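This report deals with the packing and the surface of one protein chain. The sequence and structure are shown first.

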Amino acid sequence: MRAVVETAVDGVILIDATGAILMFNPACEKLFGYKSAEVIGENVKRLMPEPYQSEHDAYLANYHRTHSPKIIGIGRTVQGRRKDGSVFPMDLSVGEAKQEGASIFVGIIRDLTERQRSEMVIRETAARLQAVVETAVDGVILIDATGEVLMFNPACERLFGYRSGEVTGRNVKLLMPDPYQREHDGYLANYHRTHERKIIGIGREVQGRRKDGSVFPMDLSVGEAKQEGASIFVGIIHDLTERKQAEAQLIQAQKMEAVGQLSGGIAHDFNNLLTVIIGNAEALSDELPMQPKLQRFLDMIISAGERGAELTQRLLAFSRRQTLQPVEVNCNRLVSQMQQMLQRTLREDVNIKIELEPGLWSAFADAAQLESAILNLAINAQDAMPDGGNLAITTANVPLDENYQSKNPEVPPGYYVMIAVTDDGEGMPENVLKKVFEPFFTTKEVGKGSGLGLSMVYGFVKQSNGHVSIYSDPGLGTTVRIYLPSNITPADMETARRRRDDNNVRGGRETILIAEDDAFVRSYAVNCLESLGYNVISAEDGREALGHLQANEAIDVLFTDIVMPGGMTGLELAESAKALRPRLKVLLTSGYALDTLTSRGRLHVGTAVLHKPYRKAGLAQHLRRIIEEPA
């Protein structure tokens with residue numbers, strides 16, 4: 001027994017009924033730093049730190065009196081005190097025996113210093129890893145060998161629209177659209193059987209399915225590890241939506257550039273041919289003045305040639321090779337002067353409404369080409385309203401900063417004049433909307449249009465260093481917005497700001513969430529509200545706005561466009577927001593005719609709506625009205 005005790009790795013200590021040490025093995029000497037002779041006969045409490053030391057005698061007396069064990073026969077983690085005064089954690093197990101009728105106690109002591117240090121390292125590593133996972137921009141998901149979700153980080157919550165608690169414990173195929181969903185169980189079983197990798201350790205582009213059923217592209221990288229002998233899999237998910245959109249925009253821009261170069265070349269060569277045709281027809285006309293029959297044919301040739309010249313001029317406009325004469329243009333005056341001409345040109349059942357922003361900046365553009373562009377858009381709007389309707393032409397000042405340029409590199413930051421042409425006609429589906437600026441693309445019947453109207457507008461605006469956007473929804477109508485650079489300077493802006501009397505424009509300190517898909521309009525709204533003192537958060541679609549609402553309880557008002565792409569309209573966003581935050585104030589806005597939205601069930605009568613284009617004063621008044629009205 002002594003040999004066992006002397007060679008034991010753990011400390012072994014023997015004390016009598018009074019607490020005096022009877023035996024102190026070599027392992028104890030290493031643990032406590034005392035030699036055996038230094039402690040034999042001493043009370044064991046010298047090996048204890050406070051409060052154990054001061055409580056020991058009372059505890060031992062209580063045990064002899066009541067025989068109620070607190071540690072004897074049980075064992076627990078306590079602390080020991082070394083000779084140098086340092087304290088260390090230890091596991092203490094105490095047994096009792098009798099010797100000549102008196103109790104003796106044997107203690108087995110195990111040093112827990114290294115174990116606790118290892119556990120601390122593990123905890124710290126786990127905490128660091130958890131922090132990385134929780135703050136990661138990309139989604140991190142952990143599943144077990146059967147496909148059950150074990151972990152779902154906040155980025156995954158934002159990507160898929162589920163809370164962690166909604167998916168943890170469920171099969172990961174919940175997050176997959178078909179055919180991935182149907183094939184997942186078979187793929188996982190095949191992998192466990194053959195270890196043939198199709199995605200594990202490789203990564204590839206797949207599709208994810210959000211809670212609302214919408215599908216999005218994502219890059220998925222999967223790694224495998226072992227836990228208690230079973231496989232677990234960690235997936236890193238990167239949303240490819242923005243990259244795909246940027247790639248599509250680049251492809252479209254390259255296509256438009258290529259078509260523009262081709263169109264410009266064709267127009268140039270065709271103009272040469274038309275010059276010969278028209279010139280020779282005029283020469284023949286001069287030579288044959290006394291032959292009316294032949295003169296009629298020649299007149300028809302000349303007329304057809306001139307129509308061909310008009311078409312080539314539009315092709316040159318699209319290809320940005322026409323000769324422009326840019327000057328400082330007062331767009332309010334230009335639009336006002338066009339009103340009478342538009343009323344004569346368009347049908348009587350088209351109601352024309354002009355809304356001009358007071359103090360509109362001057363634009364720098366070719367006035368004749370701008371007038372032609374507006375006329376083209378007005379005629380297109382008329383064609384979209386075969387039974388009549390409303391046509392609105394509006395103007396507004398729109399400042400754009402570097403933040404906007406970071407998302408739209410082709411648009412330089414600065415001050416722009418916006419001219420919008422809106423109808424409440426038939427509207428266009430998304431597949432048509434993608435092609436409207438392409439030359440010769442038309443939705444009209446054969447012979448009713450050349451397909452060059454919108455492409456001419458596109459070319460003119462781009463050649464003028466501006467920007468053009470189009471928004472349409474079947475059954476609601478279409479809005480085309482032209483943005484032309486203004487020649488106003490920051491110094492002019494500051495002077496105008498000082499001169500402007502804003503006494504009637506009240507701001508506030510509330511937090512406003514703006515949901516608007518048009519980046520130009522979003523930037524304008526943000527600038528307006530920030531200048532009024534509000535805290536502003538912006539989102540480009542309903543899903544992003546809903547994420548802000550879930551994460552930020554300080555938001556006081558939701559200001560959202562009604563018609564937005566991305567799978568969630570402004571009305572759906574407003575309903576979800578009110579379900580989440582019943583006391584939240586909501587202000588809607590739209591460029592479509594409000595009576596059209598109401599009559600077609602898109603809008604409830606009495607809903608707070610600000611019609612586009614809105615002014616700073618109008619926005620301020622609407623906001624204060626809904627903020628201050630009782631909930």
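## Packing and surface

Among contacts in the protein chain between residues at least 6 apart in sequence, those joining residues at least 24 apart make up 60%. The model is predicted. Its protein chain has 631 residues, and 43% of them count as buried. The secondary structure of the chain consists of 21 helices and 22 strands.

In general, nonpolar side chains in soluble globular proteins tend to be buried together. Here, the largest nonpolar core contains 40 residues. Cys331, Leu370, Ile374, Leu391 and Ile482 have the most contacts inside this core. Helix α12 (residues 367–383) contributes the most to the core, namely six residues. Leaving aside residues up to four places away in sequence, Cys331 touches Leu360, Ala363, Leu370, Val417 and Ile419. A second core, separate from the one above, has 30 residues, among them Ile514, Val557, Phe559 and Ile626.

The two cores are listed below.

| Core | Size | Residues include |
|---|---|---|
| Largest nonpolar core | 40 residues | Cys331, Leu370, Ile374, Leu391, Ile482 |
| Second, separate core | 30 residues | Ile514, Val557, Phe559, Ile626 |

On the outside, the protein chain exposes about 33,700 Å², of which carbon and sulfur atoms supply 53%. Leu273, Ile277 and Ile301 make a nonpolar surface patch of about 260 Å². Within this patch, Leu273 belongs to helix α9 (residues 241–287). Why does Leu273 count as exposed? Leu273 counts as exposed because its relative accessibility is 51%, and the cut-off for exposed is over 50%.

Key:
Residues numbered from 1 in each chain as written. Predicted model: local features only at pLDDT ≥ 70, side-chain atom pairs only at ≥ 80, totals over all residues. Heavy atoms only, no water. Core = buried A, V, L, I, M, F, W, Y, C linked by side-chain atoms within 4.5 Å. Buried < 20%, exposed > 50% of the residue type's maximum accessible area, 1.4 Å probe, protein only. Helix = DSSP H or I, 4+ residues; strand = E, 2+ residues; numbered from the N terminus. Contact = heavy atoms within 4.5 Å. Areas by Shrake-Rupley, 256 points an atom, 1.4 Å probe, with all protein chains shown as cover. Patch = residues over 30% accessible without salt bridge, like charges linked within 9 Å, V, L, I, M, F, W, Y side chains within 5 Å. Salt bridge = Lys/Arg side-chain N within 4 Å of Asp/Glu carboxyl O.
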